[in-house]
Amino acid sequence: MTSPTALICETQAWKDLKGHVEDINKTHLRDLMSDAHRCESMMLEFEGLLLDYSRQRATVETMGKLLNLAKAAQLSEKISRMFNGEHINSTENRSVLHVALRAPKDAFIKADGKNVVPEVWNVLDKIKDFSEKIRSGSWVGATGKPLKDVIAIGIGGSFLGPLFVHTALQTDPEAAECAKGRQLRFLANIDPVDVARNISGLNPETTLVVVVSKTFTTAETMLNARTLRNWITTALGAQAVAKHMVAVSTNLALVEKFGIDPNNAFAFWDWVGGRYSVCSAVGVLPLSLQYGFSVVEKFLKGASSIDKHFQSTPFEKNIPVLLGLLSVWNVSFLGYPARAILPYSQALEKFAPHIQQVSMESNGKGVSIDGLPLPFETGEIDFGEPGTNGQHSFYQLIHQGRVIPCDFIGTVKSQQPVYLEGEVVSNHDELMSNFFAQPDALAYGKTPEQLQKENVSENLIPHKTFSGNRPSLSLLLPELSAYNVGQLLAIYEHRVAVQGFVWGINSFDQWGVELGKVLATQVRKQLHSSRTQGAAPEGFNYSTTTLLKRYLETSPEPKM
Ligand code: F6P
């Protein structure tokens, strides 16, 4: 353990905010929203992207106190340490430099004494070259056919970010045009059903498999990789692997051992956390294969624009910093344990699942970065669905049940506008009517007095009352181009880092995922010996033994 430092909750700034909760509890968003001066101070614009956080349960005074908390947490120093490549991921002794993945060619970002930007661009140039060969058909498969379909195998950070970006670009007109005639699929789950779904309708002759794994040891990914290798070699022979399988990893030795030509491996570095890796070859390779490198480069540029904004903008105008501080306020002071991510955009349907990992794997921690138990909770439960689907599902709870701070995300311009003659509004306007209405419904609610005036019968008044005072923020993007998708990603990545920096935790390790993996290894061994030697389950508790016995006795799995 490194020398313990004071916990953030021991600082005066934290105590001031604790005391301030009482003041905020005396306010209602209905009243706060009537103060135009306050609302004006809670709007921020960056490159046409508008953030409105006036529906947070916060006053100008709250914001001042949160900025004091940032100072007490040495937020500015921590951000600089990240950009300077210091080993801020102390439990893994690593730098945290995903910002270098999208830095311009002439940038200088140091890790362990060396500028990493040239290495980053070497890999990007290699991806550009390789993806052009595949897309143009100059690289062909074992039977001489162009490879028009790609299956990317990976899980967690080697899956969720690329899936989110792919889903977001699929209907962007420019990206869609570039993807004509091509398919990109993602195989993550070790469930053989996911394999079946992925290969359904695909021909190994025209398919390229990209194995994506930072460590190249992840059980699910490696078994799926062996399964698809088998799919390819059964159809095309062992030598087809060289033409039909490539890899993305930090562990190039294991890539070679697996049988993939090291020339067909795309590297990244241990200073890229899995959940922060979408801007490395993890995302850039599959996405470039599908959309072409020039589209993906725009995505990287968008992320980079936010990196610059985050690094250099004063905190009171800094989007990720303000969002991070407000999340800390909601979790640690107002006591809200969850956050709903609600994009009014079908193209962002995979955004919440990606942010779930970015946020929950980063900030779901129980000790400080120095290993001290925390007397307060960190992280929040992130979930979400595109509006308006969510409205017809879980919004009931958000309106009248538990209080869950909401992020409303909308776009000015639709990727696929439709207007039917005779309709009151265009389809996008219809969607966005909800984006504008829901935050006010949450903030203002509806009082019994209002209901009485509407002649609602007495017995229904309690059921139809909305308490209001439910916080949200609105993020309005000009459109959902590759550039804006990159911006959105970087805003959330940095917001999560800000929260972790303030809480004083390590947002860049993930020891909590290890225990389950170890126990699964024990079960795997047991299943093997039971299947091959008929061994009875041994060394497990009563519950697991009973479940295992039932599974083994009744399962139709083949005897080995
Ligand atoms: O188990 C969690 C995790 O380690 C994530 O952090 C990571 O994104 C995922 O597994 C996949 O890891 P890899 O890219 O090494 O296969």
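Which backbone nitrogen lies 2.8 Å from a polar atom of the side chain of N469? That would be the backbone nitrogen of L29. Keep in mind that this is a predicted model. The chain is assigned to domain 1 (8–73 + 313–509), domain 2 (115–298) and domain 3 (514–554), and there's a ligand with 14 residues around it. Here's a quick tour.

**Domains and cores**

- If you want a feel for the layout, the centres of domain 2 and domain 3, taken over C-alpha atoms, are separated by 34 Å.
- The largest nonpolar core takes in 129 residues, and L69, W271 and F299 have the most contacts inside it.
- Helix α21 (residues 482–503) is the top contributor to this core, giving 13 residues.
- Domain 1 (8–73 + 313–509) and domain 2 (115–298) each supply at least three residues to this core.
- A second core, separate from that one, has 22 residues, including V195, V209, F258 and I260.
- Back in the largest core, W271 is one of the residues with the most contacts; leaving aside its neighbours within four places in sequence, W271 touches S95, V96, L97, H98, A100, L101, A111, V116 and V120.

**Ligand site**

- Of the 14 residues surrounding the ligand, the closest are G157, S158, S213, T215 and T218.
- G157 also puts a polar backbone atom 2.7 Å from an oxygen atom of the ligand.
- K214 uses its backbone too: one of its backbone N or O atoms is 2.7 Å from a ligand oxygen.
- Q357 works through its side chain, where an N or O atom is 3.2 Å from an oxygen atom of the ligand.
- On its own the ligand has 400 Å² of accessible area, and the protein covers 87% of that.

**Helix α13 and what follows**

- Helix α13 (residues 281–291) is largely enclosed by the rest of the structure, because 11 of its 11 residues are buried.
- The buried residues of α13 include polar ones such as S288 and Q290, alongside V282, L285 and L289.
- Just after α13 comes G292, with a positive phi of about 90°.

**V295**

- V295 sits in helix α14 (residues 293–312) and is buried, at a relative accessible area of 1%.
- Its contacts, leaving aside neighbours within four places in sequence, are L169, E174, A175, C178 and A482.
- V295 and A73 are 222 residues apart in sequence, and their C-alpha atoms are 38 Å apart in space.

**N469**

- N469 is found in the loop between α20 (461–464) and β13 (472–477).
- Buried or exposed? With a relative accessible area of 14%, N469 counts as buried.
- Leaving aside neighbours within four places in sequence, N469 is in contact with T27, H28, L29, R57, L442 and A443.
- L29 in that list is also the partner from the opening question, with its backbone nitrogen 2.8 Å from a polar side-chain atom of N469.

**T411**

- T411 belongs to strand β12 (residues 406–411) and is buried, with a relative accessible area of 5%.
- A polar atom of the T411 side chain is 3.0 Å from the backbone oxygen of K413.
- Leaving aside neighbours within four places in sequence, T411 is in contact with H428, M432, L476, L477, E479 and L480.

Notes: Residues are numbered from 1 along each chain as its sequence is written. This is a predicted model: local features need pLDDT of at least 70, side-chain atom pairs count only at pLDDT 80 or more; totals for chains, interfaces and linings use all residues. Side-chain values use heavy atoms; hydrogens and water are left out. Helices (H or I, at least four residues) and strands (E, at least two) are DSSP runs, numbered from the N terminus. Buried means under 20% relative accessible area, exposed over 50%, partly exposed in between (1.4 Å probe, protein chains only). Contact means heavy atoms within 4.5 Å. A nonpolar core is a set of buried Ala, Val, Leu, Ile, Met, Phe, Trp, Tyr and Cys residues joined through side-chain atoms within 4.5 Å. Domain bounds come from an automatic or database domain assignment. A residue is near a molecule or strand if one of its heavy atoms lies within 4 Å of it. A polar contact is a pair of N or O atoms within 3.5 Å; within protein, one must be able to donate a hydrogen and the other to accept it, and residues adjacent in sequence count only if both atoms are side-chain atoms. Accessible areas come from the Shrake-Rupley method with a 1.4 Å probe; for residues, only the protein chains shown count as cover.
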